[in-house]
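Trainee: Could you take me through one part of this protein slowly? I'd like a close look at a single loop, and then a bit of the setting around it.

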Amino acid sequence: MIIFDKFQDGKSKIVTMSYDDGTIHDRRLVEIFNKYGIKGTFHLNSGFLGHDGRITADEITTLFKGHEVSLHMLTHPFPTKLPEESMVYQIMEDRKNLEHACGYIVKGMSYPYGDVSDDAVTKLRNLGVVYSRTTHVTHGFGLPTNFMYWNGTCHHHDALEDSKRFIELLDRDNHHQLLYIWGHSYEFDRENNWEDIEQVCKLLGGRDEIWYATNIEIYNYMTAVRRLEISADMRMVHNPSAVPVWITWDDEAVKIDAGATVTK
Ligand SMILES: [Zn+2]
């Protein structure tokens, strides 16, 4: 029997962070993430790079090394209020700026103001966006059924409580689960509570059972799982993707390398 219940390195739990707007407070937040081995995705408005209180284009590659740079649209408009022409401009200019700054293809996003509609999603997909985070939270640990409506587990205000519940699950079960925390780094400065996120990262960090991933790594991994090809007698599994995938096969974790076929 084949079951899709494993993540990278055969792990069954993921932690990811998602921060919006690219203010200078991201610098301190990245330092904390790096200290505890936590991975994050940073959704930037490239039209504001270098403006007062915002990070600069030049620091993107060094600051976010090991993390993900993602879209938040060029100048933070309401996505559902844009004509098609503006949507194209807001996404493609943002993609060009960020891709030039970070040197890889940028196809993730979070919705400015959490503003999303089915129509906006159709337009965004046509512009190469593959996932986008809302501002809704579930306080649950499920994977999204639709990556264009990716709801987080919690805003960082509730992160300690939800993280404690998540950590308790590590010993209890092997269900594959995701803890997804989102927010804005300037909130820590405004509310003078940097120690709260440090406490959360300290609790979550350094655990062998957890895959610390960026948003796009999770999307790419789950897409690779969906693309696996299984023979009719279920004795052959082929992975046509560029990402190695782990599955449970007859009760053991089996790695299917990128491009490989495994036979039993
Ligand atoms: Zn924003």
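Mentor: Let's begin with the loop and then step back to the whole chain. Keep in mind that this is a predicted model: local features need pLDDT of at least 70, side-chain atom pairs count only at pLDDT 80 or more, and totals for chains, interfaces and linings use all residues. Residues are numbered from 1 along each chain as its sequence is written.

Our loop runs between β4 (68-71) and α3 (84-102), and proline 77 lies in it. Those labels come from DSSP runs numbered from the N terminus: helices are H or I with at least four residues, strands are E with at least two. Methionine 73 is found in this loop too, and so is histidine 76.

How buried are they? The rule counts other C-beta atoms, placed from the backbone, within 10 Å of a residue's own: 20 or more is buried, 12 or fewer is exposed, and in between is partly exposed. Methionine 73 counts as buried because it has 27 such neighbours. Histidine 76 has 15, so it is partly exposed, and proline 77, with 18, also counts as partly exposed.

Now the backbone. Methionine 73 has a phi near 75°, a positive value in a residue other than glycine. Histidine 76 has a positive phi as well, near 60°.

What does proline 77 touch? Leaving out residues up to four places away in sequence, proline 77 touches Leu82, Gln90 and Pro112; a contact here means C-beta atoms, placed from the backbone, within 7 Å. Valine 225 is another matter: 148 residues along the chain from proline 77, with 34 Å between their C-alpha atoms.

Stepping back, the protein chain has eight helices and 15 strands. Of its 264 residues, 39% count as buried. Take the contacts with a separation of 6 or more: residues 24 or more positions apart account for 64% of them. The C-alpha atoms fill a box of roughly 60 × 40 × 30 Å, taken along the principal axes. The radius of gyration is 19 Å, which agrees with the value near 18 Å for a compact globule of 264 residues. That radius is taken over C-alpha atoms, and the globule rule is 2.2 Å times the number of residues to the power 0.38.

Key:
Contact = placed C-beta atoms within 7 Å.
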